[in-house]
Amino acid sequence: LPAFACRDELMRIIRDNQVVIVVGETGSGKTTQLAQYMFENGFAKYGLIGCTQPRRVAAMSVAKRVSEEMNVTLGEEVGYAIRFEDCTSSKTKIKYMTDGVLLRESLNERDLDKYSAIIMDEAHERALNTDVLLGLLKQVVSRRNDLKLIVTSATMNAERFSNFFANAPIYTIPGRTFPVEVLFSKTPCEDYVESAVKQIIAIHLSQPPGDILVFMTGQEDIEICCQVVTERLKEVEGSPKLSVLPIYSQLPADLQSKIFDTAEAGVRKVVVATNIAETSLTVDGVRYVVDSGYYKLKVYNQRIGMDTLQVTPISQANANQRSGRAGRTGPGVAYRLYTESAFKNEMFISPIPEIQRTNLSNVVLLLKSLGIKNLLEFDFMDAPPQDNILNSMYQLWILGALDNMGQITELGLRMVELPLDPSLAKLMVSAVDLGCVAEAATIVSMLSVPSVFYRPKERVEESDAMREKFFVPESDHLTLLNVYSLWKSNGSRDYWCAKHFIQSKSMRKAHEVRSQLIEIMTNKLKIKYTSSGKDWDIVRKCICNAYFHHSAIVRSLGTYRNLRTGMPCHLHPTSALYGMGYTPDYIVYHELIYTSKEYMQCVTAVDPHWLSEMGPMFFSIKQTGYSRLDMLKDNSIIQKNLEIEHRIMTKQDLMEKNTNSSLNRRISTTGSAGKIKILAALKEY
């Protein structure tokens with residue numbers, strides 16, 4: 001690997017500098033080799049060598065690869081940690097993890113004292129957690145002189161990282177790429193899936209040997225592409241064999257690993273992938289790349305008040321990264337299914353950082369819990385839009401995680417301990433007072449894993465009929481609880497899952513997540529384990545407490561209107577409430593998905609009195625003799641009280657600042673003996 005040739009020089013630069021930016025193209029060996037070189041150079045004597053990855057799949061597969069290279073058992077000297085799964089031990093020296101895991105560790109250990117070195121891999125992807133971590137690590141590095149920080153990046157962002165860390169040195173690992181011929185489409189294509197299929201077949205029938213890598217947007221496109229290619233080739237008499245392999249995150253692990261297997265002699269392999277194959281995974285033998293020019297991007301949608309996945313054109317940097325995959329093992333060709341004009345004039349130079357386009361509720365809650373009062377002053381590499389921060393703070397205030405002054409509450413501190421979205425964390429914390437922790441943990445764990453219902457194309461009616469047997473008429477959340485209860489009572493057997501069209505892998509994962517949640521609740525938060533037994537109305541009330549801001553009132557059969565925004569929303573045909581025969585007046589939903597229209601996912605019928613009880617800032621029950629004028633008077637009193645509270649807080653903050661600045665002046669004008677006295681007085685204070 002190219003990294004081996006410059007190993008000594010790289011280690012010398014890391015020893016001489018606290019922060020180093022390492023630039024290396026995919027395949028240079030930076031991900032697998034850098035941590036090993038640091039281990040061999042003695043960095044693990046003083047603490048862990050941590051390596052963060054933006055994706056779960058990458059963290060697991062890289063840890064597995066490194067453990068094999070070092071000839072050790074995975075989970076001992078080399079381990080990994082992802083959300084709800086920790087495969088490390090007291091022996092672990094090299095720890096691979098998602099950046100979200102390291103962020104959570106910073107909650108309990110502000111200076112990350114157990115680490116002697118941290119490698120931030122694939123930092124150029126600018127995932128949400130990566131950007132927050134960069135800001136926090138900049139502070140940690142200034143407090144800890146003994147911590148080494150290595151940020152690895154593709155060439156496109158290296159200068160930005162260097163400037164962010166006070167002109168840290170940039171070291172480039174020479175690449176090992178062959179020339180790639182880039183061919184653009186002459187005209188814009190209307191259907192990128194159809195164009196990709198035609199291109200795959202043209203390459204297979206007319207080009208020399210070499211595997212094909214195709215970039216698609218998501219699972220649906222990938223499955224259609226694979227299916228159509230297979231069908232079309234059957235129609236061509238005497239066509240050579242082609243092995244068609246999909247790769248996306250929801251694919252079972254055994255099928256994912258097939259893409260790395262060498263194809264049989266005389267068989268060409270075509271891998272149809274999402275943008276995971278752009279940087280995180282390397283498939284050897286690829287000589288042809290077909291680039292659709294699109295990917296799915298998580299974008300905050302103001303209209304529905306949550307993140308949605310939107311099919312979006314890629315950036316020029318993404319396009320060049322994709323083309324480069326064709327030149328790993330020899331000269332290659334990249335077929336771009338868009339025009340050169342579109343590439344130059346319509347694509348951004350680099351992708352928009354996730355922090356500037358997604359919901360920041362989780363990040364805001366985390367930073368507030370770390371004691372950062374003014375988020376607008378936090379040192380982000382690219383500051384998110386002010387509206388996004390304020391909107392996220394508003395959502396957290398609704399849930400009770402922030403007070404009227406925007407500071408974290410006791411409820412917020414309990415919520416931040418749970419590695420969940422704020423609404424799901426509120427659901428778990430609400431369950432404590434209502435006495436249904438067991439049921440809440442089951443529902444949250446079932447919502448945290450991929451869909452447990454399996455719906456094969458060739459047996460759709462049969463699988464839908466089987467799903468209906470699990471339905472709890474007034475709630476999709478309770479339907480999930482019912483599925484889990486029946487799975488447990490049937491011995492958690494795979495045979496039972498297969499018979500009832502249930503994904504056994506998702507069920508096992510939900511069981512692991514549930515165990516971890518209960519462990520956090522009972523051990524960390526010291527909360528008593530409770531169950532509501534057969535009283536599921538309490539569970540519905542608990543769901544309402546977490547999702548009252550996602551509530552809707554019925555308009556017609558299957559159609560609702562959001563109570564806050566007035567936006568129409570629809571019951572999904574797979575919902576338990578869809579075929580009830582009657583439609584409940586009031587419901588709450590887990591999330592909205594936007595396809596042909598706005599569909600509510602995971603819906604529960606609720607009592608309107610619960611809405612006014614849980615969300616008094618939005619809802620009230622109309623009372624006799626209580627006029628609109630009375631309501632306006634009450635609102636003006638609340639407004640005045642808030643203004644008084646704000647003035648008091650502003651005064652306190654100003655006094656605190658003045659006290660600190662006068663102390664700093666006294667310290668700077670006093671000798672060393674005086675400094676010791678003042679510090680001792682401060683400690684006593």
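Helices α8 (residues 192-206) and α9 (residues 219-235) have axes that come within 10 Å and cross at roughly 45 degrees. The two helices are therefore oblique to each other. Their crossing is right-handed. The α8 side of the contact consists of Tyr192, Val193, Glu194, Val197, Ile200, Ile201, His204 and Leu205, which meet Asp221, Ile224, Cys225, Val228, Val229, Arg232 and Leu233 in α9. Sorted by class, the contact of α8 with α9 has 11 nonpolar, 1 polar and 3 charged residues.

This is a predicted model. The protein chain has 685 residues, and 51% of them count as buried. Its secondary structure comes to 26 helices and 21 strands. Among contacts in the chain with a separation of 6 or more, 72% come from residues 24 or more positions apart.

**A second helix pair**

Helix α5 (residues 99-108) packs with helix α6 (residues 128-143): the axes come within 9 Å and cross at roughly 40 degrees. This pair is therefore also described as oblique. Here α5 passes α6 in a left-handed crossing. From α5, the contact takes Asp99, Gly100, Leu102, Leu103 and Ser106; from α6, Asn129, Thr130, Val132, Leu133 and Leu136. By class, the contact of α5 with α6 divides into 5 nonpolar, 4 polar and 1 charged.

Helix α5 also meets a sheet. It lies across β2 (48-53), β3, β5 and β6 (115-120), and runs at about 100 degrees to β5.

**The open sheet and the barrel**

The strands β3 and β5 belong to an open sheet of 8 strands, in the order β4-β3-β5-β2-β6-β7-β1-β8, with mixed pairing. Its edge strands are β4 (85-87) and β8 (170-172), each of which pairs on one side only. On average, neighbouring strands of this sheet are turned by 20 degrees against each other, direction ignored. Within the sheet, β3 (residues 78-82) and β5 (residues 94-98) run parallel and are joined by 4 bridges. One bridge sets alanine 81 against its partner methionine 97 in β5.

A closed barrel is also present. Its 5 strands run β17-β18-β19-β21-β20, and the pairing is mixed. Neighbouring strands of the barrel sheet are turned by 55 degrees against each other on average, direction ignored. Strands β19 (residues 568-571) and β21 (residues 598-605) pair in the parallel sense over 2 bridges. Leucine 571 has methionine 600 in β21 as its bridge partner.

**Strand β12 and its partners**

How many of the residues of strand β12 (residues 268-273) are buried? The count is 6 of the 6, so β12 is largely enclosed by the rest of the structure. Arg268, Val270 and Val272 point one way from the strand, while Lys269, Val271 and Ala273 point the other way, and all are buried. In a regular strand, side chains alternate between the two faces of the sheet.

Strand β12 has parallel pairing with β10 (residues 211-215), over 4 bridges. Valine 214 has valine 272 as its bridge partner in β12. Strand β11 (residues 242-247) also runs parallel to β12, and 6 bridges join the two. Leucine 242 stands opposite arginine 268 in β12.

The parallel pairs are collected here.

| Strand pair | Bridges | Example of opposed residues |
|---|---|---|
| β3 and β5 | 4 bridges | alanine 81 and methionine 97 |
| β10 and β12 | 4 bridges | valine 214 and valine 272 |
| β11 and β12 | 6 bridges | leucine 242 and arginine 268 |
| β19 and β21 | 2 bridges | leucine 571 and methionine 600 |

**Two basic residues**

Lysine 509 lies in helix α22 (residues 504-524). Is it buried or exposed? Lysine 509 is buried, because its relative accessible area is 18% and the cut-off for burial is under 20%. Not counting residues up to four places away in sequence, lysine 509 touches Arg56, Arg83, Phe84, Glu85 and Val449.

Arginine 15 lies in helix α2 (residues 7-16). At 46% relative accessibility, arginine 15 counts as partly exposed. Leaving aside neighbours within four places in sequence, arginine 15 is in contact with Asn41, Phe43 and Lys148. The C-alpha atoms of arginine 15 and asparagine 41 are separated by 9.6 Å, and the two residues are 26 residues apart along the chain.

Conventions
Residues numbered from 1 in each chain as written. Predicted model: local features only at pLDDT ≥ 70, side-chain atom pairs only at ≥ 80, totals over all residues. Heavy atoms only, no water. Axes fitted to C-alpha atoms, helices over the stretch in contact; angles between N-to-C directions. Parallel < 35°, antiparallel > 145°, perpendicular 65-115°, else oblique. Left-handed = near helix turned anticlockwise from the far one by under 90°. Contact = heavy atoms within 4.5 Å. Nonpolar A, V, L, I, M, F, W, Y, C, P; charged D, E, K, R; others polar. Pairing = 2+ DSSP bridges. Buried < 20%, exposed > 50% of the residue type's maximum accessible area, 1.4 Å probe, protein only.
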